[in-house]
Amino acid sequence: MEPVGILVFSVFMIASFLQVFVESMQRLLNKDLEQARIPPLGIWVMLATIVIKAVVWVWCREIGRASCRERVS
């Protein structure tokens, strides 16, 4: 089940990236540029995502499984 989870997560991340990329290009090419306003909840979600990813990265470094980290020879 682990490879399926990795595949699903990868597809989700690619879809998210593409959506952000398309939105960014639309904003850059639009002549009426306005400053983006991010609500406080959005900022908290972004900060939580960064913290969670950092914690998972540190946790996976401690696990000796090849699927969690790349082995350096």
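Arg 27 is partly exposed, with a relative accessible area of 41%. This is a predicted model, so what follows describes a prediction. The partner to look for is Glu 23: Arg 27 forms a salt bridge with Glu 23, and their closest N and O atoms sit 3.3 Å apart. That falls inside the 4 Å allowed for such a contact, so the pair qualifies. Glu 23 is partly exposed too, at a relative accessible area of 35%. If you trace the backbone, you'll find both Arg 27 and Glu 23 in helix H1, 4 residues apart, or about one turn of the helix. The tally for the model is 1 salt bridge.

Now for the rings. The count here is 1 aromatic pair. Phe 17 and Phe 21 make up that pair, with 6.0 Å from centre to centre and 25° between the planes. Why is it called stacked? Because planes under 30 degrees apart count as stacked, and Phe 17 and Phe 21 come in at 25°.

Where do these two rings sit along the chain? Phe 17 and Phe 21 both belong to helix H1, which covers residues 2-29, and they are 4 residues apart, about one turn of the helix.

Are the two rings buried or exposed? Phe 17 is exposed, its relative accessible area being 51%, while Phe 21 is partly exposed at 41%. The labels differ because exposed means over 50% and partly exposed covers the range from there down to 20%.

Methods
Residues numbered from 1 in each chain as written. Predicted model: local features only at pLDDT ≥ 70, side-chain atom pairs only at ≥ 80, totals over all residues. Heavy atoms only, no water. Phe/Tyr/Trp six-rings, centres within 6.5 Å; stacked < 30°, edge-to-face > 60°. Helix = DSSP H or I, 4+ residues; strand = E, 2+ residues; numbered from the N terminus. Buried < 20%, exposed > 50% of the residue type's maximum accessible area, 1.4 Å probe, protein only. Salt bridge = Lys/Arg side-chain N within 4 Å of Asp/Glu carboxyl O.
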